[in-house]
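Notebook open, model loaded. I want to go through confidence, domains, the sheet, the helices over it and a few odd backbone spots.

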Amino acid sequence: MPDIRRLTVALPKEGPMPKAGQFYMLRAWAANESPVLSRPISVHDVDTVEGTLTFLYQIKGEGTQKLARLAWGQTLTLTGPCGNGFDVAGAAAAGRVAVVGGGIGTAPLLLLCKELAAAGCKPDLMVGFRDQPYGMDAFEPYCNSIAIATDSGAAGHHGLVTDLLDPKQYDLVLTCGPTVMMRGVAKLCAAAGTPCKASLEHKMACGLGACLGCTCHTKVGPKTVCKDGPVFDAGEVFE
Ligand code: FES
């Protein structure tokens with residue numbers, strides 16, 4: 001896709017292994033260069049055999065444009081893994097799991113499905129895109145089923161991804177995507193009494209819980225998306 005890029009780096013040999021739902025702060029420009037802030041990008045895949053860490057991101061602004069123009073010999077700085085990620089062991093123990101994603105929000109879901117499958121719980125995946133889907137082949141080995149919805153009708157169901165979800169069929173729903181989509185998923189889950197976890201996106205500065213720049217309001221008070229999240233109980237963050 002013209003605005004989607006995949007970036008693969010050597011898996012750092014030291015420090016904790018990244019988990020599904022965690023992210024790194026990426027920077028490919030000097031501290032005194034614009035933009036001031038590093039870019040939070042979620043982990044798309046980890047390959048411990050090849051020793052690689054992969055990010056899938058959308059070119060949205062100056063920072064991601066600079067990442068997309070990375071050239072041989074330039075330095076890329078990664079800080080992470082940040083955030084709490086998904087509780088995969090808890091999800092696998094829950095029973096039937098649906099994973100619902102939208103657009104570039106599908107990026108962290110590949111590692112999530114991979115970890116769920118490794119834990120013996122292949123999820124049903126439902127994904128929505130504006131037009132052409134991307135990256136779906138990689139999901140196939142790790143999912144029980146894959147259903148696609150597109151706004152344009154270019155592939156799969158012509159309509160919203162939430163049209164594909166019946167939360168009553170599941171013990172847990174995990175979601176990442178546009179806020180309006182996650183709000184819809186959370187609403188369906190609340191009505192069905194099915195637990196739902198949502199991975200939020202937010203502009204970030206430090207990525208470490210220090211600056212409070214990514215504070216979001218939850219039913220139990222303010223929380224930082226970078227450190228307390230990005231994965232939250234959907235009922236906590238969506239009305
Ligand atoms: Fe600084 Fe989250 S980005 S607290």
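**Confidence.** I checked pLDDT (the predictor's confidence in each residue, from 0 to 100) before anything else: the protein chain averages 94, and 100% of the residues score at least 70. For the complex, the predictor gives an ipTM of 0.98 and a pTM of 0.95. Note to self: this is a predicted model, local features need pLDDT of at least 70, side-chain atom pairs count only at pLDDT 80 or more, and totals for chains, interfaces and linings use all residues. Residues are numbered from 1 along each chain as its sequence is written.

**Domains.** I looked up the domain assignment, whose bounds come from an automatic or database source. For the protein chain it gives domain 1 (4-82) and domain 2 (88-237). Their C-alpha centres lie 21 Å apart. I then pulled the contact (C-beta atoms, placed from the backbone, within 7 Å), and it takes 17 residues from domain 1 and 18 residues from domain 2. Helices and strands here are DSSP runs numbered from the N terminus (H or I, at least four residues, for helices; E, at least two, for strands). On the domain 1 side, S2, S3, strand S4 (52-58) and S5 each supply at least two of the residues that touch domain 2. Which strand gives the most to that side? S3 does, with 6 residues. By class, I get 11 nonpolar, 5 polar and 1 charged residues on that side. The classes: Ala, Val, Leu, Ile, Met, Phe, Trp, Tyr, Cys and Pro count as nonpolar, Asp, Glu, Lys and Arg as charged, and the others, Gly among them, as polar.

**The sheet.** I traced an open sheet of 7 strands, in the order S9-S8-S7-S6-S10-S11-S14, with mixed pairing. Strands S9 (157-158) and S14 (231-233) are at the edges with a single partner strand each, so one side of each has no neighbour in the sheet. Two strands count as paired if DSSP finds at least two bridges between them. S7 and S8 run parallel and are joined by 6 bridges; valine 127 has isoleucine 148 in S8 as its bridge partner. S8 (residues 145-150) also pairs with S9 in the parallel sense, over 2 bridges. There, alanine 149 stands opposite histidine 157 in S9.

**Helices over the sheet.** For angles I used axes fitted to C-alpha atoms, for helices over the stretch in contact, with a range from 0 to 180 degrees between N-to-C directions. Helix H3 (residues 109-118) lies across strands S6 (97-102), S7 (124-129) and S10 (172-176), and runs at about 170° to S6. Helix H4 (residues 179-192) lies across S6, S7, S10 and strand S11 (196-199), at about 170° to S11.

How many residues of H3 are buried? I call a residue buried with 20 or more other C-beta atoms within 10 Å of its own, exposed with 12 or fewer, and partly exposed in between, C-beta atoms being placed from the backbone. For H3, 8 of the 10 residues are buried, so the helix is largely enclosed by the rest of the structure. The buried ones include Leu109, Cys113, Lys114 and Glu115. Their cover includes strand S3 (39-47), helix H2 (88-94), S6, S7 and S10. After H3 comes glycine 120, with a positive phi near 85°.

**Backbone oddities.** Most residues other than glycine have a negative phi, and most peptide bonds are trans. I went hunting for exceptions. The bond from serine 34 to proline 35 is cis, omega near -5°, and proline 35 sits in the loop between strand S2 (23-27) and S3. The bond from glycine 80 to proline 81 is cis too, omega near 0°; proline 81 is in strand S5 (residues 77-82). Leucine 212 has a positive phi, near 65°. Leucine 212 lies in the loop between S11 and strand S12 (215-218) and is exposed, with 12 other C-beta atoms within 10 Å.

**Last lookup.** Is histidine 217, in strand S12, buried or exposed? Histidine 217 is exposed, with 10 other C-beta atoms within 10 Å. From histidine 217 to glutamate 236 I get 8.9 Å, C-alpha to C-alpha, at 19 residues apart in sequence.

Note on methods. Two residues are in contact if their C-beta atoms, placed from the backbone, lie within 7 Å.
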